[in-house]
Amino acid sequence: MRNITVLKGDGIGPEICSEVVRVLETLKLDLNFEMYEVGEACYEACGELIPQAVFDSIENNKIVLKAPITTPIGKGFKSLNVQLRNKYNLYQNIRPAKSLPNIDTPFKNIDIITFRENTEDLYIGEEVQIDENTVHAIKLITREASTNIAKAAFEYAVANGRKKVTCVHKANILKLSDGLFLSVFNEVAKEYPQIEANTMIVDNTCMQLVMKPEQFDIMVMPNLYGDIVSDLTSGLIGGLGLLPSANLGEDFAMFEAVHGSAPDIAGQNKANPLALLLAACLMLDYLEYRDEATKIRNAIDEVLKEGSVRTADIGGSASTTEFTDAIIAKL
Ligand code: NAI
Ligand code: MG
């Protein structure tokens, strides 16, 4: 029996999390889900955003399925997401944006995977108040982390029969920091002559993604651009409710939706569970339950093709529960 640490999160987190666990449980796998509250609800109940029991569980199980957590702005809270990624050195954040059937977008055959460096860049949170009117923020780029993420992207390309890796950067302006990221990428690319390597400045990348997304295959970039550009790729396939992610390190793995806690629709049973469900599929792939992951993906495709049952964000009127029920019925 493999134990999985499940973090229920804030906002829509608990709603989508319980539905995703319901889908997983219908497969009757040899998995046990240890469910934990984290985030705001937990803070009110026990004075901590993540209680020690959760860290203990993660350290035992080494695998986490995580619903979104709210990060309050300006209250002195450090993002729990960033903390978890750093604590467990989850240096790769992989975000596959793949078109799903029968979703109304201008693009039909999107298959773009973003490899976001997940531990440094401006996300180290080192902001210095110089005086009342001036703040410095530190952007950290290291050879080690840049090498790790570039290698991860090329290794993935080789293992999965992908053709091209594009490095996204702003080295024309950030000559030292993004310059290092870019030069490390070019070095690593030489070790993979069978994979096409190219580089693109981030602002142009955003325009190219909207105009000609079919040119992209795998993209690799520093943390901040990865955060922003991957939300853009979610828009290409129909929105944030559809984009999963895997946070991987050497010893730990954490799977989550790309979206946040969506306070605007929380508590209404309206959220799309697919992003977290597709993240659960990435987790099943990782655990070598590939056939089961395919089963869930096929069930999702069937429900989308039939068209009548879907949540509001993708043009329907079904609740989170009804949408999940329809997927479970296909299993
Ligand atoms: P958000 O991703 O929560 O929401 C953006 C928009 O997308 C909203 O209109 C929301 O209703 C919609 N949306 C998101 N997920 C959806 C779903 N599953 N189904 C239907 N519609 C969905 O981003 P926002 O509002 O900027 O952030 C809210 C909070 O989430 C913040 O505190 C932020 O820090 C946190 N956050 C947490 C993340 C995580 O836990 N990994 C990631 C991103 C944000
Ligand atoms: Mg984000």
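This presentation describes the fold of one protein, three of its helices, several single residues and the surroundings of a ligand.

Let me begin with the ground rules. The model is predicted, and local features need pLDDT of at least 70, side-chain atom pairs count only at pLDDT 80 or more, while totals for chains, interfaces and linings use all residues. Residues are numbered from 1 along each chain as its sequence is written, and chains are lettered from A and ligands numbered from 1 in the order in which they are written.

I turn to the protein as a whole. Its secondary structure comes to 11 helices and 12 strands; these are DSSP runs, numbered from the N terminus, with at least four residues of H or I for a helix and at least two of E for a strand. How does the radius of gyration of the protein agree with that of a compact globule? For 331 residues such a globule would have a value near 20 Å, and the protein has 20 Å, so the two agree. The radius is taken over C-alpha atoms, and the globule rule is 2.2 Å times the number of residues to the power 0.38. Along the principal axes, the C-alpha atoms fill a box of roughly 55 × 45 × 40 Å.

Of the 331 residues, 45% count as buried. A residue is buried if 20 or more other C-beta atoms lie within 10 Å of its own, exposed if 12 or fewer, and partly exposed in between, with C-beta atoms placed from the backbone. Among contacts between residues at least 6 apart in sequence, 74% join residues at least 24 apart; a contact requires C-beta atoms, placed from the backbone, within 7 Å.

The next topic is helix H10. This helix covers residues 290–306, has 17 residues and reaches 24 Å from its first C-alpha to its last, close to the 24 Å expected at 1.5 Å a residue. The expected span is 1.5 Å times one less than the number of residues. Which residues of H10 are buried? They are Glu292, Ala293, Ile296, Ile300, Val303 and Leu304. Seen down the axis of H10, these buried residues fall within an arc of 120°, so they line one face of the helix. The arc is that of the directions from the helix axis to the C-beta atoms. On the other side of H10, Arg290, Asp291, Asn298 and Lys305 are exposed. The cover over the buried residues includes helix H1 (13–26), helix H9 (274–286) and helix H11 (320–330). Just after H10, glycine 307 takes a positive phi of about 90°.

Helix H9 also holds leucine 276. Leucine 276 counts as buried because it has 31 C-beta neighbours inside 10 Å. Leaving aside neighbours within four places in sequence, leucine 276 is in contact with Ile16, Cys17, Val20, Ala67 and Ala257. Its C-alpha atom is separated by 9.4 Å from that of glutamate 19, although the two residues are 257 residues apart along the chain.

Consider now helix H6, residues 177–190. Its 14 residues should span 20 Å at 1.5 Å a residue, and its end C-alpha atoms are 21 Å apart, which agrees. The buried residues of H6 are Ser177, Asp178, Phe181, Leu182, Val184, Phe185, Val188 and Ala189. Viewed down the axis of H6, they fall within an arc of 165°, so they line one face of the helix. Asn186 and Lys190 are exposed on the face turned away from that buried side. Against what do the buried residues of H6 pack? They pack against helix H5 (143–159), strand E8 (164–169), strand E9 (196–201) and strand E10 (218–221).

In helix H4 (residues 80–87), Leu80, Asn81, Leu84 and Arg85 are buried. They cover an arc of only 135° around the axis, which puts them on the same side of H4. The buried residues of H4 pack against strand E11 (244–248) and strand E12 (253–257). Asparagine 89, just after H4, takes a positive phi of about 45°.

A positive phi also appears at lysine 62, where the value is near 65° in a residue other than glycine. Lysine 62 is found in the loop between H3 and strand E3 (63–66).

Finally, I come to ligand 1. It is surrounded by 20 residues, the closest being Thr71, Gly241, His259, Gly260 and Asn272; here a residue is near if its C-beta atom, placed from the backbone, lies within 6 Å. By class, this shell has 9 nonpolar, 8 polar and 3 charged residues. Ala, Val, Leu, Ile, Met, Phe, Trp, Tyr, Cys and Pro count as nonpolar, Asp, Glu, Lys and Arg as charged, and the others, Gly among them, as polar.

Terms used: Contact = placed C-beta atoms within 7 Å.
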